[in-house]
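Please work through the following exercises with the sequence and the three-dimensional structure at hand. Each task is followed by a worked solution.

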Amino acid sequence: MVVGEVAVETDVVVIGGGPGGYAAAIRLGQLGKSVVLIEKEVLGGVCLNRGCIPSKALIHTAGEYHKLNRLNKLGIQLPTGKATFHMPSWQTWKSSVVAQLNKGIDYLCQANGVTVVKGTATFLSSDRIGVETGGDFETYKCKQAIIATGSRPFIPSFLKTDGEYILDSTDMLALDDVPETLAIIGGGYIGMELGMAFAKLGSQVTIIEASERILPQTAAHLSQEVLKQAKQLGMTVKIATKVEKAEVANGRVTLVCTSEKNGSESITAHKTLVTIGRVPNTGELGLAQAGVEMDERGYIPVTSTGSTNKAHIYAIGDVTPGPALAHRAAKQGIVAAEVIAGLPSSVDSPFVPYVIFTEPQIAGVGMTRDEAELQGYKVKAATFPYRANGRALAIDEGEGFAEVIVDQESHLLLGMHIVGADASNLIGEGVLALELAARVEDVALTMHPHPTLSEVWLEAAEAVLGHAIHIVNKSK
Amino acid sequence: MVEFKLPDVGEGMHEGEIVKVLVRTGESVQQDQPLLEVQTDKVNAELSAPVTGIIRDIFIAEGEIVEVGTTLLVIDAGTEVEVKTETKHPEKVVNPDKTVHFTPARADHRRSLATPYVRQLAREMKLDIELVTGTGAAGRVTEEDLRQFANRLQKSAPAKFPTSATGNERLLEASTAAIETEPIVQSKTGTATRAATSSQGGIERLPLKGIRKKIAEHMVKSVTIIPHVTSVDELEMDQLRALRETLRPHAEKRNIKLTFLPFFIKALVIALKEFPTLNASIDERTNEILLKRFYHIGIATDTPEGLIVPVIKDADHKSIFQLAEEIDQLARLAREGKLTMEHITGGTFTISNVGPIGGLQATPIINHPEVAIISLHKMEKRWVVREDEGVIRWMMNLSLSFDHRLIDGVTAVRFTNRIKELLEDPNLLFAEMV
């Protein structure tokens, strides 16, 4: 800061241009506020540049590539010779997708009067924010601020990433080659998604998970379907196993692991991916100068409107306690913007859907059976298998099931979970049903189009009521 | 988490008005620490924390009328949470696989059922949807439920409506209509909520709530059920005045403020024993007359909040001085708003003493389910004829309203005659004492 500096005055400063930050900035622009959006890298954040979009592009590519092996069964004869995958070409394509989306966000910001500043922001006080813009230092004075700086992968010191052998998810998605062997530390959703994608592309993948099972955040019977597929893809899954040490030598990484079952063992791979957690980006923001409080884990507690302990400073997305999901960040961002503009908005729904792009996909909303029982509900639940759905068989996707969880007394829907093809899209029906406080009859009595995968909801709902058509109903 | 609900602090009360909220969200409270002041059926009550903890949510605002059983606030009875200001960058790992719940458990599974649109509408209308009773399928809160809830609130909330100084109805209607089109919040749902106040004003609309509302309801009930008849008589007070003057120094020695009321109560109780139908009630459900062999006399008392009737229990067992002492205590408690349900219930007959203020006669409304009420009026010197001569006497009118279902006019007049006899010659009071 220099003496006599002139601060640029604006209504709102949004720090961070990820899916939460840019949504907030655009909404503020729509509502007539003057907004400065500060982003130190590129608009779109982790989601667009290093997370959701690139990883789903890779997962899609891997899925298409993998399908080639199954086309024979469908009567499609490929020309002789084996299909190959050229990762540099994929990188080019991925970059074009990301660039197109970046451009779109940039355009939308401009169209809504959002001033985008590239630089690193720090709070100087509760209403002044300094931005280092590559040599220059600018100061912004604002009436309100939104912190949307997101999170980054957590890498423990003994697994220091080097960008070449020990990688984080960002490094992994920037590779130009498919590693011959790949060890993944962490069997959560990122580890399993990327692990399965690389397995489909030809890597020998070993998953090392410290918990008793992969995808420990989902219900066990859902993750079981993924485990089955992982084995069919030739992946090695080590559960209840901890990595103690990592050594790079001769172009390989050797991980020393321990487990009760196998004792100490070594796993050697060409590359190691570390996906064991994320930490919020709150450390370098100067929150103390702004008087914004954090919890002991570095997250910023917020109200349902996104407000921090400083009423005029808001925080959204991964820097707030809760699941690190782009759709949650976007919702929080829009709500914070609207509250700043005087609208009575609130993030008041407990229904945050989740989507995991494994093989098969898992998605869900609301409570699992165990959670509902823990909450004191008497639960009624039923599943309907994909293999009993005509469309699923017609597209050769017979693995998985849909599950509907209901309060036995009122028949209100408590949770809807699905594992199988296109689960990520199918969960939309579940989110809407729960938000509308639907009863299981509402789903069962709704005509679903045939032949579609969406019929799995219809039949699962009917199964709860004891009268599904395409399976034998269990006695009531 | 402990949900603190509005308890039934009275005898079968249905609702109460939140007079004061003494705590704020995030505040630590000790068990038994006062949280709220609630005004119910003629009683102000202080509600205390059932547990030690932190106030997590407050669902009500001052002035709001809430039903018994409504959750007023939530107390986190767990350990106190300390929010520390950042001192250094925390690098603690958070493994999403362990800590992130993709399906956040519904911490409040009693969350009211409503669509996102209705929730948004509730926010725009500044209503707490959790307080609205849903009439939709499975108890869903509908748009209509919100509107009806808002209407009920509006009726009980203060609102100033502008009008001209003449206050004629046409102007009032026109200005009210103008207000109804004035939005107060920007709307996401396109449904603007309406302004409750305006900057111009001439007529002030006050809510009919709290004690006043209860009085209103009670009065309507009384006159609706009871066929009232009022008879008026006049009493000569000279002897009673003389007696009071004689006794006053004795009372003062004992720090007792001796008014006329204890004498009236004494005379009343004697008369009630002789005319049992006046110390009775009618059970409308069973068509039975309940003759009460106890004498709990209500004294209508003027307070800043309105008319309250504390009750002197077993008045027939108390001396003039004891009655005087108790009247003084109850009047003080009433004025300070400290009466409890115990103080104001169980009366068998009511005396309304408007004498100190003035007025010649009235048609007092019976305190249902009692069957009669006496109103005492201004004491003044009047010309009266005694033994064919005009003389000046201290006179006072007495109005008796009685329930004509149970009491005939003749009985009523005989009853007042007896009171008159006892008060005009107070020696008789002593003769009748038990």
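The exercises below concern backbone geometry, an annotated residue, salt bridges and aromatic rings.

The model is predicted, so local features need pLDDT of at least 70 and side-chain atom pairs count only at pLDDT 80 or more, whereas totals for chains, interfaces and linings use all residues. Residues are numbered from 1 along each chain as its sequence is written, chains are lettered from A and ligands numbered from 1 in the order in which they are written, and side-chain values use heavy atoms, with hydrogens and water left out.

**Exercise 1. Locate the cis peptide bond between His450(A) and Pro451(A), and describe His450(A).**

Step 1. The bond joining His450(A) and Pro451(A) is cis, with omega about -5°.

Step 2. Pro451(A) is placed in the loop between helix H13 (440–444) and helix H14 (455–464) of chain A. Helices (H or I, at least four residues) and strands (E, at least two) are DSSP runs, numbered from the N terminus.

Step 3. His450(A) belongs to the loop between H13 and H14 of chain A. With a relative accessible area of 61%, His450(A) is exposed. Here buried means under 20% relative accessible area, exposed over 50%, and partly exposed in between (1.4 Å probe, protein chains only).

Step 4. An unreviewed UniProt entry carries the annotation "active site" for His450(A). UniProt positions are given in the numbering used here, feature names are shortened, and annotations may be inferred rather than shown by experiment.

Step 5. The side chains of His450(A) and Glu455(A) are joined by a polar contact of 2.8 Å. A polar contact is a pair of N or O atoms within 3.5 Å; within protein, one must be able to donate a hydrogen and the other to accept it, and residues adjacent in sequence count only if both atoms are side-chain atoms.

**Exercise 2. Is Asn287(B) buried or exposed, and where does Asp388(B) lie?**

Step 1. Asn287(B) is a residue other than glycine with a positive phi, near 55°. Its place is the loop between strand E12 (280–283) and strand E13 (288–291) of chain B.

Step 2. Asn287(B) counts as exposed because its relative accessibility is 68%.

Step 3. Asp388(B), also not a glycine, has a positive phi of about 65°. Asp388(B) lies in the loop between strand E18 (372–386) and strand E19 (389–403) of chain B, and at a relative accessible area of 77% it is exposed.

**Exercise 3. How many salt bridges does the structure hold, and which parts of chain A does the pair of Lys143(A) and Asp11(A) link?**

Step 1. Side chains of opposite charge can pair when their charged atoms come close. A salt bridge is a side-chain nitrogen of Lys or Arg within 4 Å of a carboxyl oxygen of Asp or Glu. Over all chains, the structure holds 34 salt bridges.

Step 2. In the salt bridge of Lys143(A) with Asp11(A), the closest N and O atoms are 3.1 Å apart. This pair links distant parts of the chain, with Lys143(A) in strand E6 (residues 136–147) and Asp11(A) in strand E1 (residues 8–15) of chain A, 132 residues apart.

Step 3. Lys143(A) is exposed, at a relative accessible area of 56%, whereas Asp11(A) counts as buried at 15% relative accessibility.

Step 4. In chain B, Lys318(B) forms a salt bridge with Glu326(B), where the closest N and O atoms are 2.9 Å apart. Lys318(B) is buried at 19% relative accessibility, and Glu326(B) is buried at 18%.

Step 5. A network of salt bridges links Glu234(B), Lys378(B), Glu380(B) and Arg382(B).

**Exercise 4. Which residues do ring pairs link into a cluster, and why is the pair of Phe349(B) and Phe415(B) tilted?**

Step 1. Three aromatic pairs are found over all chains. Rings of Phe, Tyr and Trp (its six-membered ring) pair if their centres lie within 6.5 Å; planes under 30 degrees apart count as stacked, over 60 as edge-to-face and the rest as tilted.

Step 2. Phe275(B) and Phe415(B) form an edge-to-face pair, 5.8 Å centre to centre with 80° between the planes. Phe415(B) counts as buried, at 0% relative accessibility.

Step 3. The ring centres of Phe349(B) and Phe415(B) are 6.0 Å apart and their planes are at 50°, so this pair is tilted.

Step 4. Ring pairs thus join Phe275(B), Phe349(B) and Phe415(B) in a cluster.
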